[in-house]
Amino acid sequence: MAFPLSASIVTTNKMSIKVSPTRRPHFPVSHAPFPLNRPTSTRFRYPKFNRIFAKRHEDSMELTSGWNILNLSTSAEQGKKWFESAIAAIILFLQLTTPLPLSGQDSSLISSAEAVLYSPETKIPRTGELALRRAIPANTNMKAIQDSLEDISYLLRIPQRKPFGTMEGNVKKALKIAKDEKESILTSIPDEMRQNGSVLYASLIDGKDGLQNLLESIKDKDPDKVSIGLASTLDTVAQLELLQAPGLSFLLPQQYSDYPRLTGRGIVEFSIEKGDGSTFSPEAAGEPRSMVTIQVVLDGYSAPLTAGNFAKLVVDGAYNGVKLNCANLAILSDGRMGKDIGYSIPLEIKPSGQFEPLYKTTLSVQDGELPVLPLSVYGAVAMAHNDVSEEYSSPNQFFFYLYDKRNAGLGGLSFDEGQFSVFGYTTVGRETLSQIKTGDVIRSAKLVEGLDRLVLPK
């Protein structure tokens, strides 16, 4: 079943979810009358599906009764009509069951809304690592290298015969850009970090995790070897890009200058303990654990105010001892910490292709707007909405989003995409999120990296 979400703590012992009948569901922090144990028979209408279906039907050819072909006296004209009707039926069936345009169909006639919602493989990041890498505001040449390499990830998904020739062309293109634009790449790195950048650049070209080695793996036509080499090469690319982005690439609006902000990346480490005395599943060949460690990378490049407020709360110890509550597709921190803890940050979402975040506004996914930090990733971390106005995030209540494609829209997008301030992703311990239950406790939360990038108001 697929439902838009909105969840929070309503009373001391009760949490509930609200199902919104509108296209833009929200995740309000309170006033949520819909109970957790939602009947499985509840139905949700996918946005725009009926319209798309109707359009397909209207464009189809009218089927006529042509079964008289079996009659030997049927004329040749009737036989021709029957044949045309049969072909029309086949085309109609393919159009209704195939997510991609048929040959000869002008893809430019497909609206941005249908392109996003109808395609089952909308090209948004599907992992936290990929989303974080794309969010780095780096040199355009490095982004071109990154894009060329990331295309290989999609090519590797093709079953059976892999297009290794295309992959080889992508790597050669990346290698050419890296060599031709060496000066541009290195001069984009601040002087004090350029030596480290030079080492990473050399590794990207000829190192064990570099482009030349990846090219050899592709020539060997070993998909597993290519996948491992590609991941290592993209890690090197991301490290170089981070050196090129020592701070924010835009100025914050003056009215938000008194908020804490994170001017880059940070890492928060959570230690989570079972609240009922039970244990988490053991790691490979290990013992059951009473406590697990989860790491979240905060992205101040795309959500500086939201990430900054969260980092400050972590530094202040606000989440130590806080209980967690499980809702549909989400794990929420207890919302009863008090409104005086943390800042009421305006909703902060940076759209793809934009230079800076938008404030106090959501994105219209149906119009083709997608965020740089998508919610539709398992382990995404976002702030709940403020209980007074959905133009603001909660001062302190956050949630881990447990994305499930089975409960998503036609493009694999969450129905709540573009509605929340996503500010980071779970990168370590992601597999233990599904084991967290209501009543489990954040024993401690620490900012283990990024304190030097946290700017506090004077």
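Where does Lys-221 lie with respect to helix 9 (211-219) and helix 10? Lys-221 occupies the loop between these two helices, and the legends below take up this region and others in turn. The model is a predicted one, in which local features need pLDDT of at least 70, side-chain atom pairs count only at pLDDT 80 or more, and totals for chains, interfaces and linings use all residues. Residues are numbered from 1 along each chain as its sequence is written, and side-chain values use heavy atoms, with hydrogens and water left out.

**Figure 1. Overview of the protein chain.** The chain has eleven helices and 14 strands; helices (H or I, at least four residues) and strands (E, at least two) are DSSP runs numbered from the N terminus. Of its 458 residues, 49% count as buried, where buried means under 20% relative accessible area, exposed over 50%, and partly exposed in between (1.4 Å probe, protein chains only). The accessible surface comes to about 22600 Å², and 53% of this belongs to carbon and sulfur atoms; areas come from the Shrake-Rupley method with a 1.4 Å probe, and for residues only the protein chains shown count as cover. Among contacts with a separation of 6 or more, residues 24 or more positions apart account for 71%, a contact being heavy atoms within 4.5 Å.

**Figure 2. Packing of helix 5 (residues 140-155) against helix 10 (residues 223-243).** Two packed helices are described by the angle between their axes and the distance between the axes. Here the angle is about 160 degrees and the axes are 10 Å apart; axes are lines fitted to C-alpha atoms, for helices over the stretch in contact, and angles run from 0 to 180 degrees between N-to-C directions. Helix 5 and helix 10 are therefore roughly antiparallel to each other (under 35 degrees counts as roughly parallel, over 145 as roughly antiparallel, 65 to 115 as roughly perpendicular and the rest as oblique). Helix 5 passes helix 10 in a left-handed crossing, meaning that the near helix is turned anticlockwise from the far one by less than a right angle, whereas clockwise would be right-handed. Helix 5 contributes Met-142, Lys-143, Ile-145, Gln-146, Leu-149, Glu-150, Ile-152 and Ser-153 to the contact, and helix 10 contributes Val-226, Leu-230, Thr-233, Leu-234, Val-237, Leu-240 and Glu-241. By class, these residues are nine nonpolar, three polar and three charged (Ala, Val, Leu, Ile, Met, Phe, Trp, Tyr, Cys and Pro count as nonpolar, Asp, Glu, Lys and Arg as charged, and the others, Gly among them, as polar).

**Figure 3. Helix 9, helix 10 and the loop residue Lys-221.** The axes of helix 9 and helix 10 come within 9 Å and cross at roughly 165 degrees, and the two helices are therefore roughly antiparallel. Their crossing is left-handed. Leu-211, Leu-214, Ser-217 and Ile-218 of helix 9 meet Lys-225, Val-226, Gly-229, Leu-230 and Thr-233 of helix 10. This contact comprises five nonpolar, three polar and one charged residue. In the connecting loop, Lys-221 has a positive phi of about 55 degrees although it is not a glycine. Lys-221 counts as exposed because its relative accessibility is 57%.

**Figure 4. Packing of helix 6 (residues 164-180) against helix 9.** The axes are 10 Å apart, at an angle of about 165 degrees; the pair is therefore roughly antiparallel. The crossing of helix 6 and helix 9 is left-handed. On helix 6 the contact involves Phe-164, Met-167, Glu-168, Val-171, Lys-172, Ala-174, Leu-175, Ala-178 and Lys-179, and on helix 9 Leu-211, Gln-212, Leu-214, Leu-215, Ile-218 and Lys-219. Ten of the contact residues are nonpolar, one is polar and four are charged.

**Figure 5. Two buried loop residues, Arg-289 and Leu-329.** Arg-289 belongs to the loop between strand 4 (265-273) and strand 5 (291-299). Its relative accessible area is 18%, so Arg-289 is buried. Apart from neighbours within four places in sequence, Arg-289 contacts Thr-279, Phe-280, Ser-281, Pro-282, Glu-283 and Thr-432. Leu-329 is placed in the loop between strand 6 and strand 7 (330-333). Phi of Leu-329 is near 65 degrees, a positive value in a residue other than glycine. With 10% relative accessibility, Leu-329 counts as buried.

**Figure 6. Gly-317 and Leu-456, two partly exposed residues.** Gly-317 is located in the loop between helix 11 (304-315) and strand 6 (322-327), and its relative accessible area is 25%. Gly-317 and Lys-446 are 129 residues apart in sequence, with a C-alpha to C-alpha distance of 7.8 Å. Leu-456 falls in the segment after strand 14 (454-455) and has a relative accessible area of 45%. The C-alpha atoms of Leu-456 and Lys-312 are separated by 8.0 Å, the two residues being 144 residues apart along the chain. Leaving aside neighbours within four places in sequence, Leu-456 is in contact with Pro-260 and Lys-312.
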